[in-house]
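The following exercises concern helix packing, strand pairing, a chain contact and the surroundings of one residue. Please inspect the sequence and the structure before reading each solution.

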Amino acid sequence: MKKPVNFLIQLKTKLIILFLLFTFDLFSQDLYNHDNSFKFGEYLYNSNQYELAVREFERCVFLKPDQRDSHLYLFKIYRKTNSFDKAIDCYKRFSGNLNFSEMDTTFGVEYFKLLVENKKYQDVNSFISSNSYFKENHDLKLATILLGKEWKDAGVYKNKFNNQINPSLVEITNQGLSLRKKSPVLAGLFSAIIPGSGKIYAGKWKDGLVSFLMTSTAAFMSVRGFNKNPKSFYPWAMGTLSVVYYSGNVYGSAQSALKYNKDKEDEMVSKTRAYILSDR
Amino acid sequence: MKKLLILALILISALGFVNDCNAQLTAYLHRVDSLFQPSEKVNYSVFAKKNKNEIESTFSTMFIIYKNFFSSQDIDACVFQPSCSVFAIECIHHEKSKITAFLKISDRLMRCHPLVSPGTYKIDEETGKFFDPIEN
């Protein structure tokens, strides 16, 4: 008769233990709730693990669609991973429209960076002039002018708001103003007078030296051939070669001057881009 | 004059050694490496399909003959990617004015020398040569 009682006590104990086990579960954390997902997403974002961070912030957006910061982080990640369309779609999901002129400051700065990242400088210009938040942001306004390579306009703008502009941008503007461009006409003219000198003027002295030697050698051999045997094919071939080299050198010198100017201007644009895209 | 020319040539080759040693060495090793690699068969007749007129046809034929019978027997000496011959045929096909094309080609031929400073052009990752397409 003792056996069933023991069995019942044992069963009761087991049931209590089981019940306690389930109650412990009630105190456990929900790792996948909004706050935890957001914190983990922030950690992943700060450690540049963007692919993983996107999942966390997308979960946050699913749990709280009105939460602005999750959308902003997603926008930033899509910008940094060069996913232009996804970033635009992210903003559309948040605001419900694509009215960029009413974009607030934080989203606006990110959108500005997105456009710069994708080299859509025309859109940058229209965005800055249409958005009311940016009308007083002199740094970005000046940066937009610098991206358009309008050095003189940038100088005028810098002088107007000198105290309110970041020193880095002031320096870039000054460098842009003091840019000494090479004239392609002058380079061509130099090479027409002395072969290769136009290239030297455009900053490529090695190209200039080689051009001079090649053109002058071909011309010299042609002249020598004509003096020795004018009826031979050889001096004519050398003469043609020297004419080809000569004309190519004149053209190349003008192109080198143009490339020199472009490289210098692109350097200023790169500096401006680096300023805009840096996490200031 | 002959002595002067020889002297100038020696001077140029000496300058070639003074140039950035690392870049020179990398290019040289790449060249040596390529000597022992079986060269890939490239079908140059593709360029002939783009011909639109007689000038382009003539140059395409010259290009194919050069590539198959002359260039294939020589080492890969051009410092640029695409090589001067490919650059020339692309110029002939793309440039509307053939005079501009010839000017571009002759300019390119004079730029192709071992003194090219590293940093002047981008480096083509595949070949390790200076990247200079016709758009430049």
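**Exercise 1: a helix pair**

A:Trp151, A:Ala154, A:Gly155 and A:Lys158 of α9(A) meet A:Val170, A:Thr173, A:Gly176 and A:Leu177 of α10(A), where contact requires C-beta atoms, placed from the backbone, within 7 Å. By class, this contact has 4 nonpolar, 3 polar and 1 charged residues; Ala, Val, Leu, Ile, Met, Phe, Trp, Tyr, Cys and Pro count as nonpolar, Asp, Glu, Lys and Arg as charged, and the others, Gly among them, as polar. This is a predicted model, in which local features need pLDDT of at least 70 and side-chain atom pairs count only at pLDDT 80 or more, while totals for chains, interfaces and linings use all residues. Residues are numbered from 1 along each chain as its sequence is written, and chains are lettered from A and ligands numbered from 1 in the order in which they are written.

Task: describe how α9(A) and α10(A) pack.

Step 1. Helix α9 (residues 151–160) and helix α10 (residues 167–177) of chain A pack at about 135°, with axes 9 Å apart. Helices (H or I, at least four residues) and strands (E, at least two) are DSSP runs, numbered from the N terminus.

Step 2. α9(A) and α10(A) are therefore oblique to each other: angles under 35 degrees count as roughly parallel, over 145 as roughly antiparallel, 65 to 115 as roughly perpendicular and the rest as oblique.

**Exercise 2: a sheet**

Task: state the strand order of the open sheet in chain B and identify its edge strands.

Step 1. The sheet has 3 strands in the order β1-β3-β2, with mixed pairing; strands pair if DSSP finds at least two bridges between them.

Step 2. β1 (80–81) and β2 (122–123) of chain B are the edge strands, each pairing on one side only.

Step 3. β2(B) and β3 (residues 130–131) of chain B run antiparallel and are joined by 2 bridges. B:Lys122 stands opposite B:Phe131 in β3(B).

**Exercise 3: the chain contact**

Task: which element of chain B gives the most residues to the side that touches chain A?

Step 1. The contact takes 11 residues from chain B and 16 residues from chain A.

Step 2. α5(B) gives the most to the chain B side, with 5 residues.

**Exercise 4: one residue**

Task: is B:Val79 buried, partly exposed or exposed?

Step 1. B:Val79 lies in the loop between α3 (54–70) and β1 of chain B.

Step 2. B:Val79 is partly exposed, because 18 other C-beta atoms lie within 10 Å; 20 or more would make a residue buried, 12 or fewer exposed.

Methods: Axes are lines fitted to C-alpha atoms, for helices over the stretch in contact, and angles run from 0 to 180 degrees between N-to-C directions. Two residues are in contact if their C-beta atoms, placed from the backbone, lie within 7 Å.
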